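This report walks through one protein model, beginning with a single loop position and then widening the view to the helices and the residues between them. Please keep the sequence and the structure in view while reading.

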Amino acid sequence: MEELLEYLPIILPFVVIQIILMIIALIDWNKNKESLDGKLVWLIVIIFLNIFGPIIYFLFARRNKE
């Protein structure tokens with residue numbers, strides 16, 4: 001347990017960034033008015049690809065909306 005506490009200052013910022021990115025991506029995903037099929041794929045990407053899912057969503061899905 002003590003070893004885990006040593007790494008907490010390193011891990012915690014990544015966890016916070018991941019949660020913030022996921023929340024922002026899910027809010028934006030919810031506002032998207034595309035077809036349900038496309039939305040479902042992006043939801044899976046956002047949730048299951050951890051920190052990279054929201055980044056991929058913002059890079060590719062947002063670009064396609066414009």
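## A loop and its surroundings

Asn50 has its place in the loop between α2 and α3, in a model that is predicted. The phi angle of Asn50 is positive, at about 50°, although this residue is not a glycine. As background, most residues other than glycine have a negative phi. With a relative accessible area of 44%, Asn50 is partly exposed, since values between 20% and 50% fall in that class. Leu49 is found in the loop between α2 and α3 as well, and with a relative accessible area of 40% Leu49 is likewise partly exposed. When residues up to four places away in sequence are not counted, Leu49 touches Ile44 and Ile56.

## The chain as a whole

The protein chain holds 3 helices and 0 strands, and read along the sequence it follows the pattern α-α-α. Buried residues make up 23% of the 66 residues in the protein chain. The chain exposes about 5,300 Å², of which carbon and sulfur atoms supply 72%. Among the contacts in the protein chain with a separation of 6 or more, 53% are accounted for by residues 24 or more positions apart.

## The nonpolar core

Which residues form the largest nonpolar core? This core has 9 residues, namely Met22, Ala25, Trp29, Trp42, Leu43, Val45, Ile46, Tyr57 and Ala61. At least two residues of this core are supplied by each of α1 (2-31), α2 (36-48) and α3 (52-65), and the largest share, 4 residues, comes from α2. As a general point, nonpolar side chains in soluble globular proteins tend to be buried together.

Trp29 is a useful member of the core to look at in the structure. Leaving aside its neighbours within four places in sequence, Trp29 is in contact with Lys39, Trp42, Leu43, Ile46 and Tyr57. One of these partners, Lys39, lies over the face of Trp29, at 4.6 Å from the ring centre.

## Aromatic pairs

How many aromatic pairs does a search of the whole structure find? The search finds 2 aromatic pairs, and their geometry is set out in the table.

| Ring pair | Distance between centres | Angle between planes | Arrangement |
|---|---|---|---|
| Trp42 and Tyr57 | 5.7 Å | 70° | edge-to-face |
| Tyr57 and Phe58 | 5.4 Å | 65° | edge-to-face |

The rings of Trp42 and Tyr57 count as edge-to-face because their planes stand at 70°, and the cut-off for this arrangement is over 60 degrees. Trp42 lies in helix α2 and Tyr57 in helix α3, so this pair ties together parts that are 15 residues apart in sequence. Both Trp42 and Tyr57 are buried.

The rings of Tyr57 and Phe58 have their planes at 65°, so that pair is edge-to-face too. Is Tyr57 buried or exposed? At 0% relative accessibility, Tyr57 counts as buried, whereas Phe58, at 28% relative accessibility, counts as partly exposed. Taken together, the ring pairs link Trp42, Tyr57 and Phe58 into a cluster.

## Bringing the parts together

Tyr57 appears in several of these descriptions, as a residue of the largest nonpolar core, as a contact of Trp29 and as part of the cluster with Trp42 and Phe58.

Technical notes:
Residues are numbered from 1 along each chain as its sequence is written. This is a predicted model: local features need pLDDT of at least 70, side-chain atom pairs count only at pLDDT 80 or more; totals for chains, interfaces and linings use all residues. Side-chain values use heavy atoms; hydrogens and water are left out. A nonpolar core is a set of buried Ala, Val, Leu, Ile, Met, Phe, Trp, Tyr and Cys residues joined through side-chain atoms within 4.5 Å. Buried means under 20% relative accessible area, exposed over 50%, partly exposed in between (1.4 Å probe, protein chains only). Contact means heavy atoms within 4.5 Å. Accessible areas come from the Shrake-Rupley method with a 1.4 Å probe; for residues, only the protein chains shown count as cover. Rings of Phe, Tyr and Trp (its six-membered ring) pair if their centres lie within 6.5 Å; planes under 30 degrees apart count as stacked, over 60 as edge-to-face and the rest as tilted. A charge sits over a ring if NZ of Lys or CZ of Arg is within 6 Å of the ring centre and within 35 degrees of the ring normal.
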